[in-house]
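Thanks for sharing this one. Below are a few friendly notes to read with the structure open beside you.

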Amino acid sequence: MVEDLVVAAVGVASAGAVYVMAAARVVKQYERGVVLRLGRLLPEVRPPGFTLIVPGVDRLRKVNMQIVTMPVPAQEGITRDNVTVRVDAVVYFKVVNPAEAVIAVEDYRFAVSQMAQTSLRSIIGKSDLDDLLSNREKLNQGLELMLDSPAIGWGVQIDRVEIKDVSLPETMKRSMSRQAEAERERRARVINADAELLASKKLAEAAATMADQPSALQLRLLQTVVAVAAEKNSTLVLPFPVELLRFLERSAQQGLVPPDPPRAKAPSGEEPGPSTSPAPPEEPGPLTSPPPPEELPPSAEP
């Protein structure tokens with residue numbers, strides 16, 4: 001009798017152990033358990049830790065609650081300014097409602113991936129090339145809004161979306177490089193022109209100061225000579241003073257005293273006397289009429 005009881009107890013213990021082993025489940029800290037009993041969702045979501053289900057009746061689905069990093073395959077499209085580009089991105093999302101992630105959508109990962117590819121193609125067609133290259137923050141926000149709207153009904157929250165790379169055709173790259181080179185050359189020319197304008201103003205001010213003080217020009221000339229001589233050159237170029245040219249010009253305009261005319265050569269043994277110039281011919285005076293003839297006295301008649 002006792003042996004039968006022992007055998008029955010061992011059988012019950014074995015059956016209980018098998019049942020517990022079949023019903024025992026472990027939910028990890030970053031997971032949540034969703035139980036379907038005979039195909040119907042139980043309202044209670046199993047928390048992390050040890051839990052039991054009914055073998056053969058319940059089915060436990062574990063849902064990962066971590067943030068998922070999903071790369072979006074590169075999508076090729078035409079921008080609004082008719083440029084063919086190839087853009088790839090990455091999506092960060094997480095599950096916030098495990099029950100809806102299991103019931104509302106067949107595979108939430110595949111659904112998010114397809115929605116991301118479609119939204120990326122749409123955002124490429126609505127944007128310009130300059131926006132894709134330099135204004136990515138705005139495009140990322142637009143992609144996030146486009147993905148977040150349908151994902152809320154799937155129990156998924158889009159954390160952020162980032163555009164990784166924009167591939168351009170080789171012809172477009174060369175055109176952009178030429179454009180950038182031309183822009184930099186334009187800036188360089190503008191900077192040089194501004195520098196020349198400023199230098200000309202400063203030189204004009206310096207010239208006005210030197211005009212008031214002529215000695216300043218001589219000092220500047222000496223400084224230039226010292227600077228050239230400091231390089232230990234064998235040839236020294238001395239600039240001609242501009243003031244001397246101006247002095248000669250003023251002298252020519254004012255008409256300095258002309259040199260004395262050459263004197264006549266005297267005969268030998270005599271000292272040359274002062275040169276005499278021939279007297280100028282006298283100018284004829286005013287014309288006068290001859291005096292009238294004197295009248296003879298009348299002769300005496302016989």
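**Notes on a sheet and one of its residues**

1. In this predicted model, a good place to begin is the pairing of strand β7 (residues 84-95) with β8, which is antiparallel and runs over 10 bridges. One pair to look up is Val-90, whose bridge partner in β8 is Glu-162.

2. Two helices pack on this sheet. Helix α3 (residues 108-126) touches β6, β7 and β8, and its direction makes about 35° with that of β6. Helix α5 (residues 136-151) touches β7 and β8, with its direction at about 140° to that of β8.

3. How are the strands ordered? The sheet is open and has three strands, in the order β6-β7-β8, with antiparallel pairing. Because β6 and β8 (156-167) each have a single partner strand, they stand at the edges, and one side of each has no neighbour in the sheet. From one strand to the next, the twist averages 25°.

4. Now a closer look at Gln-75, which is found in strand β6 (residues 68-78). Is Gln-75 buried or exposed? Its relative accessible area is 6%, so Gln-75 counts as buried, the cut-off being under 20%.

5. What does the side chain of Gln-75 reach? One polar partner is the backbone oxygen of Pro-73, at 3.1 Å. Another polar contact, of 3.5 Å, links the side chain of Gln-75 to that of Gln-117.

6. Leaving aside residues up to four places away in sequence, Gln-75 touches Val-85, Arg-86, Val-87, Gln-117, Leu-120, Arg-121 and Ile-124. Gln-117 thus appears both in this list and in the side-chain polar contact.

Conventions: Residues numbered from 1 in each chain as written. Predicted model: local features only at pLDDT ≥ 70, side-chain atom pairs only at ≥ 80, totals over all residues. Heavy atoms only, no water. Helix = DSSP H or I, 4+ residues; strand = E, 2+ residues; numbered from the N terminus. Buried < 20%, exposed > 50% of the residue type's maximum accessible area, 1.4 Å probe, protein only. Polar contact = N/O pair within 3.5 Å; in protein donor to acceptor, adjacent residues only side chain to side chain. Contact = heavy atoms within 4.5 Å. Pairing = 2+ DSSP bridges. Axes fitted to C-alpha atoms, helices over the stretch in contact; angles between N-to-C directions.
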